[in-house]
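Could you walk me through this model in the viewer, one selection at a time? I would like to know what to pick next and what is there.

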Amino acid sequence: MSISNDQSNNNNIVTAEKIESFKKLFEERMERSLAVYLPKSSDRDRYKALGYAVRDLLISKWMKTQTTYYDQNPKRIYYLSMEFLLGRTLGNALINLNMEDTAIATLKAMGLDYKALEEMEWDAGLGNGGLGRLAACFLDSMATMNLPGYGYGIFYEFGMFKQEIQNDKQHETADTWLRYGYPFEIERNNEMYVVNFGGKVHSNKDSSGNIHYDWVDCEQIMAMAHDIPIPGYQTNNVNTLRLWSAKATREFNLKSFDASDYIGAVNEKNRTETISKVLYPNDNNEFGKELRLKQQFFMVSATIQDILRRFNNCGDAIDSFPKKVVIQLNDTHPTLAIVELMRIFLDEYELKWDKAFEIVQKTFAFTNHTILPEALEKWPVDMLARILPRHLQIIYDINAKFLDEVGISFPGDYKRIERMSIIEESSPRFVRMGHLAMVGSFSINGVAELHTKLLKERVFKDFFEMYPEKFNNKTNGITPRRWIRRCNKSLSELISSKIGSSWVCNLDELRKLEEFTNDSAFVSDWASVKIKNKESLALDLYDECLVKFDPASLLDVQVKRFHEYKRQLLNIFHCIHLYHQIKDNPTKNFVPRTVIFGGKAAPGYYMAKLIINLINSVSHIVNRDAKAKNLLKILFVPNYGVSWAEKIIPAANLSEQISTAGMEASGTSNMKFALNGALTMGTLDGANIEIMEEVGRDNIFIFGHTAEELARMGHTYDPHTFYNKDPDLRRIIDDIRDGYFNSNERDLFKPIVDSLMMYRDRFFLLADFRSYVETQELASRLYTNKDEWTKKSIINTARIGKFSSDRTIKEYVRDIWKVSPCAI
């Protein structure tokens with residue numbers, strides 16, 4: 001499947017007619033959508049008018065796309081995810097519509113600043129980390145490739161949280177991203193579905209002896225659709241991201257209202273609508289766990305009902321359901337969709353059990369995103385019995401039939417049966433959602449070659465031995481439209497000046513850049529783009545953090561969700577080591593370095609939040625020390641998200657991808673940094689391995705133990721061995737333990753040291769420290785040779801084509817989804 005979207009130069013030319021047409025549309029939206037005259041308008045008014053104008057351009061294509069899908073009735077892809085980390089919509093939509101230059105020129109002619117208006121848009125609070133950003137990239141690729149695809153999730157009112165740093169600590173406040181409205185969303189209050197919780201299950205036999213089940217006396221919540229158009233890059237296809245918000249079945253409980261219990265009525269309505277308020281509520285308590293489970297079922301129940309409505313409207317027989325529908329589960333969060341579809345087939349369509357499950361198994365495909373045991377989701381049986389009693393019955397039935405199959409395939413292997421059971425027979429008992437997803441799906445894929453290998457050999461070894469044909473790898477990818485064409489316009493223009501612009505949809509064409517690595521003028525231009533990006537970032541970060549850094553310094557970046565396995569702690573250890581070296585050797589020539597951290601820790605993740613605290617405490621001491629002033633700067637970017645990524649990634653020289661080998665499923669920030677010419681500092685983990693294979697070992701910095709080496713260490717690993725033999729490491733740990741970085745609360749960071757020394761350093765930080773330091777020294781040395789560094793930067797960009805999400809989606813289409821393009 002090739003992508004040959006129209007990218008002719010004629011479409012890119014800004015004409016007086018285009019400017020006048022867009023100006024008229026902009027002014028119409030200002031008056032008719034906002035009821036404001038332009039001279040009286042604020043920047044926010046102008047942003048919203050611009051957003052509505054762009055939405056108007058999308059809607060005609062969007063409606064034609066949906067009409068064509070109904071007329072041609074192709075097989076459709078449904079991508080279910082609890083998060084879609086879209087970032088800002090305005091600029092990306094203009095690029096995909098090929099209208100960016102026209103919009104900028106129009107606003108300039110009107111005396112308005114496009115950049116200022118663009119900055120008014122809040123990042124959509126619909127995701128948090130790589131899982132949600134991957135989902136957003138996939139939607140972009142599906143639309144660009146003219147594939148009939150839909151995204152489904154939740155329309156979170158407050159997102160995850162807004163991160164603030166107070167007294168060096170993370171504080172969470174509400175992410176009120178919808179405070180001023182979101183012009184790209186269309187509320188579909190005619191598209192509403194009832195979602196049931198609780199209640200009880202009645203059974204009865206008909207005259208033929210068949211048992212029928214009725215789920216009755218339920219608490220009911222309404223799911224209302226919110227649609228966001230997803231345009232392809234310079235194509236007429238505009239797909240749909242449909243998100244659900246929770247609404248009370250009636251605005252008030254009338255009995256409470258009539259009894260003058262107005263507060264009780266309002267509280268009941270608010271409690272009902274809590275389901276779609278916040279992404280990933282803290283699940284350290286029973287209420288939080290229950291809310292997460294309800295969120296997941298709320299999303300999948302509304303989605304399955306919507307898919308069935310669309311399928312039935314096309315008039316196909318139920319036997320053809322898998323020929324018209326494929327549902328991709330983005331990790332375990334949407335797994336209850338399998339059970340909900342089974343319930344509807346059994347209880348409403350009255351299909352026989354075997355027939356219903358045959359259709360279900362042929363419909364679902366499952367993507368796994370983790371090998372960490374604690375991240376493999378499971379729910380207490382008691383909770384499911386209370387909230388989803390009918391679904392628990394169905395899960396028991398699925399499990400019983402499945403374990404019969406296991407017993408036939410592996411007779412007498414009772415331990416295997418226990419390991420593979422969907423029900424974990426512990427105290428209390430749990431439903432293992434990963435097991436349920438694998439049993440109920442026809443495809444199980446990992447997201448990098450190493451990750452898939454570990455799934456087969458370790459995490460899901462039993463399932464691989466039973467269903468080897470289900471397992472496959474689909475290495476993640478990123479959309480080049482947002483992650484270079486939009487966020488690094490200067491570099492995109494430089495690339496296109498040499499090889500043309502078709503690389504935007506065929507990223508392998510970047511290979512042509514390799515022939516220019518010995519072109520001194522091109523190498524100089526490439527370096528110039530990088531330094532200008534760093535200068536721009538320096539201004540933005542000063543406004544945010546009030547810390548200045550030298551754009552000529554080596555810009556070393558680690559921005560991602562905080563988790564111990566991602567080892568931000570190892571990075572700050574290196575920063576402390578550099579600080580010690582600078583203090584001890586005042587006459588030595590050091591390579592100036594600026595280290596940027598960014599990312600959120602889950603509200604209930606104590607250790608990750610403590611590491612954020614340590615980073616900020618260290619940065620305050622280092623940044624205020626005159627001896628380190630021009631040699632080392634450490635910055636923490638609060639509330640890191642897509643918009644900050646679009647500023648930081650184009651400026652970075654060094655990309656920190658330093659997770660414990662064997663623990664990162666794939667990673668995608670590694671791909672974004674390499675695409676923009678950063679060199680990777682990484683372990684042999686996740687997609688780092690494949691990046692190394694593509695760019696060459698000489699153009700990446702690899703350190704640390706491999707997954708196999710760490711597995712061999714196993715229970716014999718003793719962190720004290722490394723602590724005792726490495727004086728630099730020992731000094732760092734002692735400083736942290738003794739309160740050097742927080743004199744007011746000297747024991748504050750002692751739990752970090754305890755996690756390393758008393759609790760066996762689960763993530764092998766001490767084992768990899770010396771290799772990390774030595775490899776960082778190699779990076780500093782190379783950075784002093786600007787031309788050589790720049791040539792390696794060019795090679796990284798040139799050889800990163802494999803990691804386009806277009807390639808990933810092609811593989812899903814070929815091996816799993818079996819769908820065809822439906823171009824408009």
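Two packed helices are described by the angle between their axes and the distance between the axes. Here an axis is a line fitted to C-alpha atoms, for helices over the stretch in contact. Keep in mind along the way that this is a predicted model.

**Stop 1: a helix pair.** Select helix H2 (residues 16-32) and helix H5 (residues 100-109). Their axes come within 9 Å and cross at roughly 75 degrees. Angles of 65 to 115 degrees count as roughly perpendicular, and H2 and H5 are therefore roughly perpendicular to each other. Now show side chains: Lys18, Ile19, Phe22, Lys23 and Phe26 of H2 meet Thr102, Ala103, Ala105, Thr106 and Leu107 of H5. Sorted by class, this contact has 6 nonpolar, 2 polar and 2 charged residues.

**Stop 2: the sheet.** Next, colour the open sheet of 9 strands, whose order is S5-S8-S9-S2-S1-S10-S11-S15-S16, with mixed pairing. At its edges you will find strand S5 (186-197) and strand S16 (471-473), each pairing on one side only. From one strand to the next, the twist averages 25 degrees. Zoom in on strand S10 (residues 325-330) and strand S11 (residues 364-367), which pair in the parallel sense over 4 bridges. Ile327 stands opposite Phe364 in S11.

**Stop 3: helices across the sheet.** Add helix H18 (residues 449-459), which lies across strand S15 (443-446) and S16, running at about 160 degrees to S16. Then add H10, which lies across several strands, including S1, S2 and S5, and runs at about 115 degrees to S5.

**Stop 4: inside H10.** Stay with helix H10 (residues 286-313) and click on Lys294. Is Lys294 buried or exposed? At 11% relative accessibility it counts as buried, because the cut-off for buried is under 20%. Beyond its neighbours within four places in sequence, Lys294 is in contact with Phe197, Glu219, Arg271, Ile275 and Ile387.

Further along H10, the side chains of Asp306 and Arg310 meet in a salt bridge (3.4 Å, N to O). Being 4 residues apart in the helix, they are separated by about one helical turn. Asp306 is buried at 0% relative accessible area, and Arg310 is buried at 5%.

**Stop 5: two more salt bridges.** The structure holds 62 salt bridges. Select Asp734 and Arg737, whose closest N and O atoms are 3.1 Å apart in a salt bridge. Asp734 counts as buried at 18%, whereas Arg737 is partly exposed at 32%. Finish at Glu811 and Arg807, a salt bridge with closest N and O atoms 3.2 Å apart; both residues are buried.

Key
Residues numbered from 1 in each chain as written. Predicted model: local features only at pLDDT ≥ 70, side-chain atom pairs only at ≥ 80, totals over all residues. Heavy atoms only, no water. Helix = DSSP H or I, 4+ residues; strand = E, 2+ residues; numbered from the N terminus. Buried < 20%, exposed > 50% of the residue type's maximum accessible area, 1.4 Å probe, protein only. Contact = heavy atoms within 4.5 Å. Pairing = 2+ DSSP bridges. Axes fitted to C-alpha atoms, helices over the stretch in contact; angles between N-to-C directions. Parallel < 35°, antiparallel > 145°, perpendicular 65-115°, else oblique. Nonpolar A, V, L, I, M, F, W, Y, C, P; charged D, E, K, R; others polar. Salt bridge = Lys/Arg side-chain N within 4 Å of Asp/Glu carboxyl O.
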